[in-house]
Amino acid sequence: MTVADQDLIAEISEMLSGLNKAGIEITADTDFNADLNVDSVAVMDFVLTVEDRYDISIPINQLSEVNTVGQFADVVANARAA
Amino acid sequence: MDLFDKFNPIKETYTALTSGGGDPFGVAFDRIASPTIGVINNREIVLAGTNNYLGLTFDDAVIAAGQEALRTFGTGTTGSRIANGTFGPHRLLEEEMATHYGMSSAIVFTTGYQANLSVVAGLAQKGDQIFIDADCHASIYDACQLSGAEIIRFAHNDPTSLDRRLARSDPNSSNKLVIVEGLYSMFGDVSPLAEFVEVKNRHKAYLMVDEAHSFGVFGDRGLGLAEAHGVLDGADFLVGTFSKSLAGIGGFAVSNHPDFNFLRVAARAYMFTASSSAASVEVTRAALKAIAARPELRTHLWENARRLHAGLKAKGFGLMAEPSPVVAVDFGDPARAARAWNALLQLGVYVNLAIPPGTPNSKSLLRCSVSAAHTSDQIDFVINCFEKVAELV
Ligand SMILES: Cc1ncc(COP(=O)(O)O)c(C=O)c1O
């Protein structure tokens, strides 16, 4: 189990700016649904962008446990390490 | 704590959407007068959101076939396909479907939803990988979840996005199943099937195409988009429904794979649910005959589709795709779309309200589906009502 470092979290936060309609500060604890108000489909669309940026695949099965940016960054870190 | 707490966000949205009078997700027609006219409170409503693409639900021969089957086989099947629920008509329809497609096997299911559950969850399992077009129908997503396979989503209608994802995967590590649809039900856009076939062949993956909305609509023989694009032999599995062009209730899957029929003893959504009624199966057989014998149905469907598309476009509406029997109109946000939906019904037009997360790209749409049974006057009436509604909302 790899844990995301601060750089990765920062990059992902940066990529999330298009979804950050309210312009809140994005941290590892930011919740996709509760804080960013993005629905499950929008999260899956975001995953497509992240996959192509890092040349990884993130099966959507892994998203069921993901609520926050930090949790998502861990999934990305694991996929990159694989 | 309450088991129903999780519905609170839905409750809010639902209450807001239904505050305009009607319930977009709970319309009940007191009577259906024809494929294109429903009756609510003694008012005739033009049906422009039924998926009744060929208008065969009131065809004389189709109705007669259903009536005859009711008398011969009774009302229900009272059992599943593997127990007492397989009657002569189920077998005959399977033979006819296989012959129609020129494939070695066809299997009939109780609904299209269950056809997808059966094929996808029957074929794929833990350790396999499924590559799914982002805009695939909920039944396909559910089927993928049920299979236990790894689900990798690729960008809608984007063969390059699929290619990249297949390339990232070890070619020998797992079975790979790619799933796309023919005509997509929300936007009315079509899949670039030939390109997907090329990509899946290069990566030695299997391809399944859900032709739910394209059967009866595309192809010289009405077999669907794979026929129209000349790639019938490129798809490993074709799935469809009887509930749209075929005027019944049920689903099917066809394939040339020599072991395809083993799904009958492996797919739980085939084995553990009652089979489609003989009446529904006979209705579907009659509709299949009509589709083969009357290509003019398709010609008229497409004339109507182009008329509606051109008419709405001329009035300045934002449409989601090129002309097809599904014409989706962009209404910006869910509240405005719901107001427009209500106003249309008041004027006498029924369409489908489609809002996020049920729609791609968070679009809020009024979705029309055109029928061969629509008259030009009905199409023009729908266009005029849309114009009035746009001014109201
Ligand atoms: C693409 C697609 N697949 C499957 C289905 C399910 O078909 P059925 O209504 O027969 O269950 C539908 C429609 O409802 C659909 O749009």
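**Exercise 1. Work out how many residues each chain brings to the contact between chain A and chain B, and which ones on chain A carry the most area.**

Start with a head count: in this predicted model, chain A puts 14 residues into the contact and chain B puts in 14.

Next, look at area. About 1,400 Å² is buried between the two chains, and carbon and sulfur atoms account for 48% of that. On the chain A side, no other three residues match Leu48(A), Asp52(A) and Ile60(A), which supply 34% of what chain A buries against chain B.

**Exercise 2. Describe the polar side of the interface between chain A and chain B, starting from its salt bridges.**

Count first: there are six salt bridges between chain A and chain B. Then pick one pair to look at up close. Asp52(A) pairs with Arg164(B), with 2.9 Å between the closest N and O atoms.

Now widen the net to polar contacts, and you get 12 residue pairs between the chains, both partners at pLDDT 80 or more. Finally, sort the chain A side by class: seven nonpolar residues, five charged and two polar touch chain B.

**Exercise 3. Find which residues of helix α7 of chain B are buried, and explain how they are arranged.**

Go along residues 193-202 and you'll find Leu193(B), Phe196(B), Val197(B), Val199(B) and Lys200(B) buried. Look down the axis: these buried residues fall within an arc of 165°, so they line one face of α7(B).

What sits over them? The cover includes strands β5, β6, β7 and β8 plus helices α6 and α8, of chain B. To finish, step past the helix to Lys204(B), which follows α7(B) and has a positive phi, near 55°.

Note on methods:
Residues numbered from 1 in each chain as written. Chains lettered and ligands numbered in written order. Predicted model: local features only at pLDDT ≥ 70, side-chain atom pairs only at ≥ 80, totals over all residues. Heavy atoms only, no water. Buried < 20%, exposed > 50% of the residue type's maximum accessible area, 1.4 Å probe, protein only. Helix = DSSP H or I, 4+ residues; strand = E, 2+ residues; numbered from the N terminus. Arc of directions from axis to C-beta. Contact = heavy atoms within 4.5 Å. Buried area = accessible area lost by both parts, 1.4 Å probe. Salt bridge = Lys/Arg side-chain N within 4 Å of Asp/Glu carboxyl O. Polar contact = N/O pair within 3.5 Å; in protein donor to acceptor, adjacent residues only side chain to side chain. Nonpolar A, V, L, I, M, F, W, Y, C, P; charged D, E, K, R; others polar.
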